[in-house]
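Subject: The structure, and what turned up in it

Hello,

Here is the structure I promised to pass on. Have a look at it first, and then read on for my notes.

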Amino acid sequence: MTPVAAARAADPGRATLDKAAAENFPVAPFFLPRPWRDDLMAVYGFARLVDDIGDGDLAPGGADARLLGVPEDAAEDRSALLDAFEADLRRVFDPAGPEPGHPLLRRLRPTVRRHALTPEPFLGLIAANRQDQLVKRYETYDDLLAYCELSANPVGRLVLAVTGTSTPERVRRSDAVCTALQIVEHLQDVAEDLGRDRVYLPAADMKRFHVQEADLAAPTAGASVRALVAYQAQRARELLNEGTPLVGSVHGRLRLLLAGFVAGGRAALHAIAAAEYDVLPGPPKPGKVQLLREAGATLRGKG
């Protein structure tokens, strides 16, 4: 067994946490105080694992199902896994009850207690993944925004809660940023999502741009698909602009972190535009130079 494999065997949640490096935005960068980093990684571990359950992307071998108490014959049943995951989450918020079964939820428990976090944002993320099992298409942009309210916005709200900076105005700005980041991710992953029988491009907009689902299965995007992607990218850009004042409303290291979130979205949009809105061959990813450039512009209040 390699040292990496041995470390993962000793810590079943490690493979999930390691995915932080591949996100569009910094999860818990080195410049944050250690307590913040630990708490943000605890929140990330929950969010990443629930998405992996909903997407069917759990590590092979069924370890997560066993940790959640799911019988072997139901280890591939996403709805059963989500139910068990919610039951384990309830243990996080029950100080008199048994310890959670999954190590990522055990890791989350002290974070919840330190910051008096409520179950609602976590339950929202679970609800979003339950919705993914039932809803494969979205008719309108408003329908998509309602989904993002569950699938994305709770993460930003948890960041504000962990850092002790939550106010109604900051939550509103954070929601705009998080929804934008979710839309950008959907644009990057059009082909991958279609492979999961999911389409996050609103049907009304597809009709407006004369795009059929078969067009999304092509190796490269035609003019209509590119126009549709550009339209959705502009919506995400406007949401990012709406949310960017959040960065200037805080100070110190938190300001750097939030600038990184906004910069990650802007850099990803730049990569999509640089690919001429052809997202079908694979996710357009920004380089580090572009990310740093966008972070600097965001901190200067530009962009």
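Let me start with a question: in which loop is Asp197 found? Asp197 sits in the loop between helix H11 (190–195) and helix H12 (203–208). Before I say more about that residue, please keep in mind that this is a predicted model.

**The overall picture**

The protein has 17 helices and 0 strands. Its radius of gyration is 19 Å, close to the 19 Å that the globule rule gives for 303 residues, so the protein is as compact as a globular protein of that length. If you lay the C-alpha trace along its principal axes, it spans about 55 × 50 × 40 Å. Of the 303 residues, 48% count as buried. The accessible surface comes to about 14,000 Å², and carbon and sulfur atoms account for 56% of it. As for how the chain meets itself, take the contacts between residues at least 6 apart in sequence: 67% of these join residues at least 24 apart.

**Two loop residues with positive phi**

Back to Asp197. Its phi is near 60°, a positive value in a residue other than glycine. As background, most residues other than glycine have a negative phi. Asp197 has a relative accessible area of 40%, so it is partly exposed.

His210 also has a positive phi, of about 60°, although it is not a glycine. You will find His210 in the loop between H12 and helix H13 (213–216). With a relative accessible area of 63%, His210 is exposed.

**Aromatic rings**

How many aromatic pairs does a search of the whole structure find? There are 8. One of them is Phe46 with Phe85: the ring centres are 5.1 Å apart and the planes are at 25°, so this pair counts as stacked, for which the planes must be under 30 degrees apart. The pair links distant parts of the chain, with Phe46 in helix H3 and Phe85 in helix H5 (residues 78–92), 39 residues apart. Phe46 and Phe85 are both buried.

Tyr138 and Tyr147 make another pair, with ring centres 5.4 Å apart and planes at 45°, so this one is tilted. Tyr138 and Tyr147 are buried too. Ring pairs also link Phe46, Phe85, Phe93 and Phe122 into a cluster, which is a nice one to bring up on screen.

Two arginines sit over tyrosine rings. The charged end of Arg208 is over the ring of Tyr231, 4.6 Å from its centre. Arg235 lies over the face of Tyr141, at 3.8 Å from the ring centre.

**Three buried residues worth a look**

Is Asp39 buried or exposed? Asp39 has a relative accessible area of 2%, and anything under 20% counts as buried, so Asp39 is buried. This residue lies in helix H3 (residues 34–55), the helix that also holds Phe46. The side chains of Asp39 and Thr111 are joined by a polar contact of 2.6 Å. Leaving out residues up to four places away in sequence, Asp39 touches Thr111, Arg114, His115 and Val162. The C-alpha atoms of Asp39 and Arg107 are separated by 8.7 Å, with their positions 68 residues apart along the chain.

His186 is in helix H10 (residues 168–188). Its relative accessibility is 8%, so His186 counts as buried. Setting aside residues up to four places away in sequence, His186 touches Leu144, Tyr147, Asp193 and Tyr200. Tyr147 in that list is the partner of Tyr138 in the tilted ring pair.

Which side chain is joined to that of Thr244 by a polar contact of 3.2 Å? The partner is Arg266. Thr244 lies in the loop between helix H14 (223–243) and helix H15 (245–248). At 13% relative accessibility, Thr244 counts as buried. Beyond its neighbours within four places in sequence, Thr244 is in contact with Val177, Val262, Arg266 and Thr298.

Happy to go through any of this with you whenever it suits.

Best wishes

Terms used: Residues are numbered from 1 along each chain as its sequence is written. This is a predicted model: local features need pLDDT of at least 70, side-chain atom pairs count only at pLDDT 80 or more; totals for chains, interfaces and linings use all residues. Side-chain values use heavy atoms; hydrogens and water are left out. Helices (H or I, at least four residues) and strands (E, at least two) are DSSP runs, numbered from the N terminus. Buried means under 20% relative accessible area, exposed over 50%, partly exposed in between (1.4 Å probe, protein chains only). Contact means heavy atoms within 4.5 Å. A polar contact is a pair of N or O atoms within 3.5 Å; within protein, one must be able to donate a hydrogen and the other to accept it, and residues adjacent in sequence count only if both atoms are side-chain atoms. Rings of Phe, Tyr and Trp (its six-membered ring) pair if their centres lie within 6.5 Å; planes under 30 degrees apart count as stacked, over 60 as edge-to-face and the rest as tilted. A charge sits over a ring if NZ of Lys or CZ of Arg is within 6 Å of the ring centre and within 35 degrees of the ring normal. The radius of gyration is taken over C-alpha atoms; the globule rule is 2.2 Å times the number of residues to the power 0.38. Accessible areas come from the Shrake-Rupley method with a 1.4 Å probe; for residues, only the protein chains shown count as cover.
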